[in-house]
Amino acid sequence: MNHLDVLESESIYIFREAFSRIDKLAMLWSLGKDSNVMLWLARKAFFGHLPFPAMHIDTGNKFPEMYAFRDRYVTEWGLNFLSGTCPPVAEMDETLPPAARSAARKTAGLKTLLETHGFEGIFAGIRRDEEGTRAKERYFSPRGARGTWEIKDQPPEFWGQFNTTFPPGTHLRIHPLLHWTEIDIWRYTLRENIPTIPLYFARDGKRYRSLGDADITFPIDSTAGTIPEIIAELQTTRISERSGRAMDHEAEDAFERLRTAGYM
Amino acid sequence: MSVAEESLKVAIVGHVDHGKSTLVGRLFHDTGSLPEGKFEAIQAMCKRRGMPFEWAFLMDALQAERDQGVTIDTSQIWFRTAKRGYVIIDAPGHKEFLKNMVTGAAASDAALLLIDAEEGIKEQSRRHGYLLHLLGVRQVTVAVNKMDLVAYDRDRFATIERDYRVYLRELGVTPTHFIPISAREGDNIARPSEAMAWYQGPTVLQALDDFQVITQPDGLPLRFPVQDVYRFDERRIIAGRIETGILQVGDQLLFSPANRMGKVKSIEAWSVAAPPIQACAGESIGITLEEQIFVERGDVASHEVNPPIESDVFLARLFWLGDRDLTMGSRYTMKLNTAEVGVVVQSVDRVIDTGDLSTKGEVKVARNQVAEITLRADTMQALDAFTSSPPTGRFVLVDNYNIAGGGIISMEGYADQRNLVARQSSNIQRVEHDVTAENRESRNGHRGGVLWFTGLSGAGKSTVAVAVERRLFNLGYQTYVLDGDNVRHGLNGDLGFSPEDRAENIRRVGEVAALISRAGMLCITAFISPYRSDRDRARLAGGDGFAEIFIKADLATCERRDPKGLYKKARAGDIPDFTGISAPYEAPGAPDLVIDTATLTVEEAVERVVEYVQSRFAIYAKPVSE
Ligand SMILES: Nc1nc2c(ncn2[C@@H]2O[C@H](COP(=O)(O)OP(=O)(O)OP(=O)(O)O)[C@@H](O)[C@H]2O)c(=O)[nH]1
Ligand SMILES: [Mg+2]
């Protein structure tokens, strides 16, 4: 097994554990590169099937390319697709800095979807290498009744055994990509020929490394127009992946606050 | 494009505040691995808090961690040298967060253990060393940090090195390197230290590259625990991950503990060029079988040769992370491979002090303690001893929703029950007798049955059995005593004293006793029969007429009596695996009768048994003269 095979096998194992142990599951499909790899891995785990819905929390502020991508692959892959809407920004915690406040809409949209459908487990495609609090995540992460994350008291997780039971009224976040890095994602996307939104490829000297809402996401300087070029770029860059995501940089604690309140 | 490369996971462990997170921050800085702007961001965080620059803030991402200057949860960060890629796993050192340390360290291939030069070896320095060993992390490099605080003193380093090597040696661990460092000042991190010219060994960076990538030893037998069975389409796919060994299309598989066989028809995969014909350890796969046999999650597939052990009882070395103490009789859900089963703590055998490795005969295991315990599962399990197959020889216990402890399995003193079970379940038609049980009962005046005596050597089983036989005979009963002497010579002459042979010995006695009882007689057996599983099997064979009689006397009493001098020999080490001394005796949980020979005379004991027999087996008794 090579490096990518090892990562893939681990993710498949996690998908199958969740599917076996948890009744009502759904996957967050943000349409970005990680989400698409995650969806692909689920189909590997279940032999071409996706035995739970793919959910997209629509902030209404996504790039047009993202909507086009979504519409195409929902049909092409025959997905059980759910779309969630988000409340206006005015209803969000006003003590949050502006971009974080805007991002909090997504958390609210997710909560509504969770409550409506009674999901007990949500797959989210976050990775440890993205950001400091994600670096401390578990594969199976219990969330309190309001979606809150007990960041200071997480249960232990080791030897490939996960915490798959939880008190009523709470749910699990399941993170099948936790052990992948950005470069792994691209290498795997290339190897498996996984469809990708064109915004990741450079046009006029700029490309997106990470896709969020159009109003709070910025492209980076780059000439990488193909996946091999992106991989080459990542091998030498010292710029962090989420540098173009405004909400990460407004205040030292902004992202932690978002995440403990239920953000992915 | 370069190919995805080799990578190694290294955990940073050690006592609280000994500089683990600082080391990671400094290592990143000195190798030019910090993301752009990170150094300045950390400067700003420290300034805002009015404190000097803190390297640990690279890893300590939580506000609470930065505010309190302590790592709360484990964290992972990616790093590379010219040689390969690394996942650096920073672990917390505070005792309060040991569960997080375990979470981090258990994922690693190797560990760097830090000891503060000024503070010296502390409680968690030792405990972490011990846990690494238990978690299966065998490669350790020790770094003695904060050498700047002891003026880079060579002797101080030598003292700590000497003491800690002694500790590791007792665990059977040989550290790959011992390095004097100053994480904060950058001595021997990525560059050799000028202040410690007396040290010639590798830097931390070089020591990382000296770790080996661990690969599974060749030739381990196949273990394929079933994770799930899918029927998404016309295929019935058995999914799981191969833990050890190799599986090929066409292989005949044995599923344990169900003991069913099936032949691999195909290995299924989605979006691959050609369907695989073979899969090896670490691969998450799905297979179909030629036959439609019943298989479910928790079964373990193996080949026919070298199958897993089957047992419902085993010994474990366990670390406990739960808030509530683990005590004898506590019940948990055990997760073993993909099986989930109820278990009860049969006994807490000893608690290990990780400070000096001494053991104490405690009855409870508190949070963060390590102990040896005996666990009994509700049903038969397929498992391995940790030493022969680490991935399938360990388990976790779940208490109150969360994983609360982990342990490694030892079968020392316990038998593989596979053959005992298999033989019992083979389906042979019984001959129909023309003479019925009622016919026999009305002639004998009593029902047939088995009086199964169990107890320590010297408890008085044979003495009481022989006296009971005589009394019952005089009362008109058809009765016969089976003991070691009359079965070991003939019937069981082929058996030795290994755990498996002992179990087989008892199995046969149980079957013979059952036959004698069906012949209408009362069979009295006098065997130590120390294992509950063995006695339960005898009960199953014996049926309704089975009575478990606990001939009870505490170990001290038995040892004082020592009629055959066996205890003395066992204490001297001349008899291995002697029940009560060097092998377990599992007292009956709910015996039909207890005879306490420490307080009763032989006559009184016999009287109690006879009363019991009269009340349970007599129809009418016809005394004969002696
Ligand atoms: N003088 C000196 N101080 C150091 C050195 N390394 C770390 N420190 C200081 O020791 C304190 C603790 O360092 P950390 O890196 O947070 O310790 P830790 O081992 O990660 O602690 P926990 O994760 O909470 O167990 C900090 O104030 C560091 O600045 C060193 O080499 N020399
Ligand atoms: Mg730390």
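Trainee: Why is B:Thr597 called buried?

Mentor: Its relative accessibility is 10%, and buried means under 20% relative accessible area, with exposed over 50% and partly exposed in between (1.4 Å probe, protein chains only), so B:Thr597 counts as buried. The model is predicted: local features need pLDDT of at least 70, side-chain atom pairs count only at pLDDT 80 or more, and totals for chains, interfaces and linings use all residues. Residues are numbered from 1 along each chain as its sequence is written, chains are lettered from A and ligands numbered from 1 in the order in which they are written, and side-chain values use heavy atoms, leaving out hydrogens and water.

Trainee: What makes B:Ser21 and B:Thr71 donors of the magnesium ion (ligand 2)?

Mentor: B:Ser21 (OG) and B:Thr71 (OG1) lie 2.0 Å from the ion. Donors are N, O and S atoms within 2.8 Å of the metal (3.2 Å for Na, K and Ca); water is not among the atoms, so the site may look incomplete.

Trainee: How do you know that B:Ser21 and B:Thr71 are buried?

Mentor: B:Ser21 has 5% relative accessibility and B:Thr71 has 8%, so each counts as buried.

Trainee: Why is H1(A) called roughly perpendicular to H5(A)?

Mentor: Helix H1 (residues 3-21) and helix H5 (residues 182-192) of chain A pack at about 95°, their axes 11 Å apart. Angles of 65 to 115 degrees count as roughly perpendicular, under 35 as roughly parallel, over 145 as roughly antiparallel and the rest as oblique, so H1(A) is roughly perpendicular to H5(A).

Terms used
Axes fitted to C-alpha atoms, helices over the stretch in contact; angles between N-to-C directions. Helix = DSSP H or I, 4+ residues; strand = E, 2+ residues; numbered from the N terminus.
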